[in-house]
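Open the model in your viewer and keep the selection tool at hand. The tour goes stop by stop: select, look, move on.

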Amino acid sequence: MAGLALNGASLAEKLLARGPTSYAPWLDRRPHLDLIEQRALPELRAEAWRHTNIARWYETVLAGTERATRSRRVEFPGEVEVVDFADPRAAELLVLRGEEIFRLDAQPIAALNGMLLGSGVAIRVPAGTVPSPVRIVDLPAAYQRILVIVEPDARVELIEEPSSYTHRLVEAVVQPGGRLLHRRLQAASPDRECSLVAVRVQANAHYELSQLSLGGDLRRNDIVATLAGNAANVTLRGAWRLVESQHLDNQVAVHHDAPGGTSRQTFRGVADGRSRAVLNGRIEIAPGAQQSDATLNTKNLLASDTAEVYAKPELEIYANDVKCSHGATIGAIDEDAVHYFRTRGIDAPTARSLFVRGFLREAIDDVETARRLGVIQ
Amino acid sequence: MSERSNELTDLVGEEHAATGHDYAAGFVTEIDTDTLPPGLDEDVVRAISAKKAEPAWMTEWRLDAFRRWQEMPTPRWAHVQFPDIDFQGISYFSAPKGDAPKSLDEVDPELLRTYEKLGIPLHERARLAGVEAEDEEAPQVAVDAVFDSVSVATTFKERLAEAGVVFCSMSEAIQEHPELVRKYLGSVVPKPDNFYAALNSAVFSDGSFVYVPKNTRCPMELSTYFRINAENTGQFERTLIIADEGAYVSYLEGCTAPMRDDNQLHAAVVELVALEDAEIKYSTVQNWYPGDAEGNGGIYNFVTKRGTCLGDRSKISWTQVETGSAITWKYPSVMLRGADSVGEFYSVALTRNFQQADTGTKMTHIGPRTKSTIVSKGISAGRSQNSYRGRVRMNPGAKGARNYTQCDSLLIGDTCGAHTFPYIESKLSTAVVEHEATTSKVSDEQLFLCQQRGIDPEKAVAMIVNGFCRDVFRTLPMEFAVEAAKLLEVSLEGAVG
Amino acid sequence: MSLLRVEELHVEVDGKPILAGIDLEVDAGEVHAVMGPNGSGKSTFANVLAGRPGYDVVRGSMRVDGEDVTELAPEERSLRGLFLAFQYPIEIPGVSNMEFLKAAVDAHALGRGEDPPSAIDFVRHAREAASRLELNPDFLKRGVNDGFSGGEKKRNEILQMLILEPRLAVLDETDSGLDIDALQVVANGINAFRGDGNAVVLVTHYQRLLNYVVPDHVHVLADGRIVHSGDRSLALELEERGYGWLGA
Ligand SMILES: Nc1ncnc2c1ncn2[C@@H]1O[C@H](COP(=O)(O)OP(=O)(O)OP(=O)(O)O)[C@@H](O)[C@H]1O
Ligand SMILES: [Mg+2]
C-alpha cells in the first residue's frame, strides 16, 4: 500500500503551498484556511475515520487527479431562485441562511471544500410556494457547494444525482413550517468522494432525506441534521447495495436541540463481494430538549464471507423526558425464507433477490427510482 | 408536569451524601502501615518486587511492563472528564506492618474488626452479609481479604485444598505455583494492552489467584473483598482465575474505601481462563467511595477485566453491579476462541451526584458457533454521566456465531446524561448480531400509581429501579442479589424520609 | 358524618377549567354511580380525589371522614382509605405484582401502626383474592400490568382493591373492556367488597354493570358539573334516552 502514509498534516502543508481557488471571491475562506493551517485535518486513525482510509482520499486531493464533469446541469422551476455561487447574490443568500449550520471543527474536511471550491449553486424557495422539484445533476468542478433555503411554509423536493465530485457540501435551512424532501441518488462510482449534508430544521418544519446508494471506490457521506426549533421533524432513510470491493461509509448525526422534536432513521444495506459498509448513526438530545422522540433502526445483510459491516448506533442523552431507542442487526439472508419461496416454486436466485428487495424496501420510499438506479432489481 | 420531575430530582439528586449517611463503608481503620513514599521509577518497581521476595523472572516482567508503560500516552477516549493524574504523587505500596499472618489467628484484630464492620466476617463459620443464619443450607463462601496492597487473610483454604482448588493471594501463588502464574499471567491481558494495564503489570501488589483442577466443581463460592484504607495510595491488584477442563467456579468480588476528599486511583487487572467445558462466573458488587454530593473525592476505578474461553464449550459470565467510584472505566470482556463457547455480560451501573461511568464489554467471536449475550442497565441521577460502551466483533472464523445485546437507560431528573456507544462489527455472513437500546424515565404515572396504593415516592423509585434491573440481578448468586438490591436502594435514598 | 364530602370543587389543568363546582356526599354503605358524556370530567374528578399531580384545585375542598384531604399527598390519601381503580392502568415492567402489592400492604399496615403481615400470610391472602377473581396465581408473579390484556388490567385493579380493603373505592370505568363473564366476576368482587363500613363510587358509561352492582344514587356529570342526580332508575332512563334531554 504505497503512498498511504499521507496524513492530514502533510496534506495541509502541500495544499497551503498551492493556495485557495479564485472561484466565488466574496466567500470568506479564512476559517477554512485557519483550520488547515492549524493542522486540524483528520489523521489516519481518527475515530471518525476508523473504517475509511482517509489517506486514499487525501491522495486524490493532492494528486490533482480529481475527476470532474465540464457540464453544469441544474433543472428548476421559475418560482425558485437559483444563482451560481460565484454570483454576489449568493453572498446575500448566505446571510439569509443565518448562523453556521455545522461546526467546521467537527467536520474538518469541509475546510478543503472551502479552500478548493470550484462550483456551486444557491437556491431559495420563496415563502409559501410549492414548486415542482429542483434537480441538480452536475456541477463543473470537483469541489462543489449547494445551499438551499426553504422559506416559511414552502415545500420543495430537491434531487441530487451527480455523476462525479471529490467533495460536495450541501447546506439546507428549513424555516418554520417548511418542508424539504431531499433525494440523493448515488450511482456506482470508480471515484473517491466525500460529501457533507448539513441541515437545520426550524420550528414545525420537516426535513426528509431519502438516500439510495451504490458503492464507490471510496464513498463517504456525513449527514448532520439539527432539530433547532420546537416540534421539528426529521426523517432519514438510506438504502445501499455494495458489490466487489466497493466502499460506503455513512456517518449520521441527529441533534435534538429544541423540545418536542421527532426523528426517525431507517437504514437497510446489503454488502456482497469484498465490500465494506459502515453506518455510524448518532442521536444527541441536548439539555432542555424535552419530549424529544428519536429512533434509529439499521439492518444489514452480509451476502458474502469476505464483505464487512460496521455499525455503530449511538445515543447521547442529556434530557430525561424523552423517548429514544435504536436497534441494529447484522445477519445473513434468511435461508428459511428462501426455502419457503422455493416450496412455492420460485428458484433460489429469484427467491434471494426477492428477499433482498423486501429487506431493502423498508428504507425505500420510491421503488421505481431504486430500481432504475439498481439498488434493487 | 415538570414540577414532578423536579420533585424526583430532589428525591435522589440532592444527597446527604456529604454527611456520609449513605456510605456506610466510609470509615478509616487506624493501623500501622509500611508504606512506600509517593513516586514511581524502576527502583520503586524493584522495591515492590523485593518486598514480596519475588523470583527474578517476576521482577523482570514488571520492569518490562514499566518500560512499556512509560512509552504510552494517557488514554482520552472515554466519555469521562477528570484532571490529569499525577502518577508521581501516588504511593504504590502500603501494607499493614509486620510479617504476613500465617493463619487467621495471627491477623491483626483491628483488621478483623474492619471486615466485620463491612459485613465480611473472616472467621470460617460465618457467611457473607445479607444471609441470615436461619438458613442452614446457605452456601459457604471462602474469602480472600485484600487490604490496600496486600492480602491479609484467605479463609477455607484447607477445605478447598481437599478438592484440589487453589485459592490464595497472588503473592503466594507466585511463590507456590510459579508454573501456572508464568503460563497464564498476562496471557489474557498482555502487559501493553492499555495504559492502566501496563501500569498495573509494573506495580501490582497483590490480588487473588484461583486454580480449579480438571472436572472439579469448586465446593463453595469464592470471594475477594478489596479495601482501600491508606491515604494517597493507589490500589493495583491482579487477579488470575484458571478453570481447567470441565471445572466450574463462581467468584464474587466486593470493594469499598473510606471517604476522603482526594481522588484515589484503583487500577486492577483481572484475567480469566476457561479451558474445555469449563465455566467461570464472575460477579462484582462495586461500591468504592463515590465522592460527596459536590463531586469531591472518590475513587477512580480504571480496571481491565478480560476472560478468554480457550476451550471448546467453555463459558465465561460477568455480572457487575456498579454503584460506587467517582469515575468508573471498565469493560469486562470475553475472547470467544473455543468452538461453541459462551460469553455473557450482565451489568447494572447506577450513577448520581457527579459520578461518571463509562462501562460495557467487548465480545470477540473467534471460534465457530460462539454465542454472547449482553444486558446492560444504566441508571443516571443527579448530575451524573452514565455511558455504555461495547464492542461486538465477529471475526472471519466465527461461523454461525450469535450475539444479542440489550442496553437500557433510565434517567432520573433532567440534569444527568445517559449514553450508548456500541460498536458492531461483522466479517462473515453466517453470524448474527442483534443490538437494541432504549431510554426511559421513571414516569409520573408509575409513581402516582404507587402512591395511590400507599407507597411513598422514595420507596416507589427504589422499587421501579429494582424492577428495571431485574434481568441482571437474576444472574447474581442469591446472597449477592440481596446485597445488590439493598445497595441500590441505599444509593437511591435521598433527602426525604 | 359523611365518608366523603366534596364541596364546590373547581379544578383547572394548565389554567383551563375542567371541573366547575362539584358537590357530592357519600355515606358509608352506599354505592354511587357517576355517568356522563366523554370528556365531561369524570376521570378528572376521580384523579383529583386521589391527588394526582398536575391538577390544580382552585376552589373547594374534599373531606374524608371529616378530615380535609385536599392538600394531602397521594400516598397519605391512600392510607386514609381512598382507592382509585384507574381507567388506564399503567405498566411497571420488572416490578412483580406480588412485590408491588406487598409494598402497598406493608405501607398500609405501618400506617395503622401494625406490623406488616408475614410473607406467608400475605401470599396466602393474595392468592385467595386472585382466585376469587378467577385469575391464575402465576398472574401475581408477572410485572405490574406488564403485557396484561385490557381486561386483565381491570381485574388487577379490583384485585388490589380487595387486598387493600379501602374505605372508599373509586372505580373509573372498570367495566370497560371486560368480556361478559369477566364483568360478572368483577361485579361479584365489588359486591363482596361492599359493606356497611365502606362505600363505592362507580364511574361508568353502561347500565350493564349497574344491573349487578345496584347503586343507591346515580349522578350525571356534564361540563364539569353534576347536572342531575337520581336513583337507579335514572341510569335506565339514560340508557334509553341518552344525555340530550338533560340539556347537557
Ligand atoms: N392533563 C390534562 N391536560 C389537558 N386536558 C385535560 C387533562 N386531563 C383532562 N383534560 C381534559 O379535561 C376534560 C375532561 O376529561 P376527563 O378525562 O375527566 O373526561 P371523562 O369524563 O373521564 O371522559 P371519558 O368518558 O372519555 O373517560 C377533557 O376535555 C380532557 O381533554
Ligand atoms: Mg374517563
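## Stop 1: a serine in chain B

Select B:Ser325, a buried residue with a relative accessible area of 1%. Keep in mind throughout that this is a predicted model. B:Ser325 sits in the loop between strand E14 (315–322) and strand E15 (327–330) of chain B. Check its backbone: phi is positive, about 70°, although B:Ser325 is not a glycine.

Now widen the selection to chain B. How many helices and strands does chain B have? There are 12 helices and 24 strands. Chain B holds 497 residues, and 67% of them are buried. Next, consider its contacts between residues at least 6 apart in sequence: 84% of these join residues at least 24 apart. Colour the surface by atom type. Chain B exposes about 17,300 Å², of which carbon and sulfur atoms supply 48%.

## Stop 2: a serine in chain A

Move to A:Ser210. This residue lies in strand E10 (residues 206–214) of chain A. Is A:Ser210 buried or exposed? Its relative accessibility is 3%, so A:Ser210 counts as buried; the cut-off for buried is under 20%.

Show the side chains around it. A:Ser210 and A:Asp365 are joined, side chain to side chain, by a polar contact of 3.0 Å. Leaving aside neighbours within four places in sequence, A:Ser210 is in contact with A:His182, A:Arg183, A:Arg184, A:Arg237 and A:Asp365.

## Stop 3: helix H1 of chain C

Go to chain C and select residues 42–50. This is helix H1. Of its 9 residues, 8 are buried, so the helix is largely enclosed by the rest of the structure. Which residues of H1(C) are the buried ones? They are C:Lys42, C:Thr44, C:Phe45, C:Ala46, C:Asn47, C:Val48, C:Leu49 and C:Ala50. Step past the end of the helix. H1(C) is followed by C:Gly51, which has a positive phi near 85°.

## Stop 4: the magnesium ion

Stay with H1(C) and select ligand 2, the magnesium ion. Which protein atoms are its donors? They are OG of C:Ser43 and OE1 of C:Gln87, lying 1.9 to 2.2 Å from the ion. The two donors are 44 residues apart and link distant parts of the chain. C:Ser43 belongs to helix H1 of chain C, while C:Gln87 is in the loop between strand E6 (82–85) and strand E7 (92–96). Click on C:Gln87. It counts as buried because its relative accessibility is 16%.

## Stop 5: ligand 1

Select ligand 1 and show the residues around it. There are 15 of them, and C:Gly39, C:Lys42, C:Ser43, C:Thr44 and C:His205 come nearest. You have met C:Ser43 already, as a donor of the magnesium ion.

Where does the largest share of this shell come from? It comes from H1(C), with 3 residues. Strand E2 (16–26) and H1 of chain C each supply at least two residues. Colour the shell by class: 4 residues are nonpolar, 8 polar and 3 charged.

Now turn on distances:

- C:Gly39: a polar backbone atom is 2.9 Å from an oxygen atom of ligand 1.
- C:Ser40: a polar backbone atom is 3.2 Å from an oxygen atom of ligand 1.
- C:Glu173: a polar side-chain atom is 3.3 Å from an oxygen atom of ligand 1.

On its own, ligand 1 has 640 Å² of accessible area, and the protein covers 66% of that.

## Stop 6: an exposed aspartate

Select C:Asp196. Look for it in the loop between helix H6 (180–193) and strand E10 (199–203) of chain C. C:Asp196 counts as exposed because its relative accessibility is 72%. Beyond residues up to four places away in sequence, C:Asp196 touches C:Ala28 and C:Gly29. Draw a line from C:Asp196 to C:Gly41. The two are 155 residues apart in sequence and 29 Å apart in space, C-alpha to C-alpha.

## Stop 7: a glutamate in a strand

Finish at C:Glu8, in strand E1 (residues 4–13) of chain C. C:Glu8 has a positive phi, near 50°, and is a residue other than glycine. How does its accessibility class come out? With a relative accessible area of 34%, C:Glu8 is partly exposed.

Notes
Residues numbered from 1 in each chain as written. Chains lettered and ligands numbered in written order. Predicted model: local features only at pLDDT ≥ 70, side-chain atom pairs only at ≥ 80, totals over all residues. Heavy atoms only, no water. Buried < 20%, exposed > 50% of the residue type's maximum accessible area, 1.4 Å probe, protein only. Helix = DSSP H or I, 4+ residues; strand = E, 2+ residues; numbered from the N terminus. Contact = heavy atoms within 4.5 Å. Areas by Shrake-Rupley, 256 points an atom, 1.4 Å probe, with all protein chains shown as cover. Donors = N, O, S within 2.8 Å, 3.2 Å for Na, K, Ca; no water. Near = heavy atom within 4 Å. Polar contact = N/O pair within 3.5 Å; in protein donor to acceptor, adjacent residues only side chain to side chain. Nonpolar A, V, L, I, M, F, W, Y, C, P; charged D, E, K, R; others polar.
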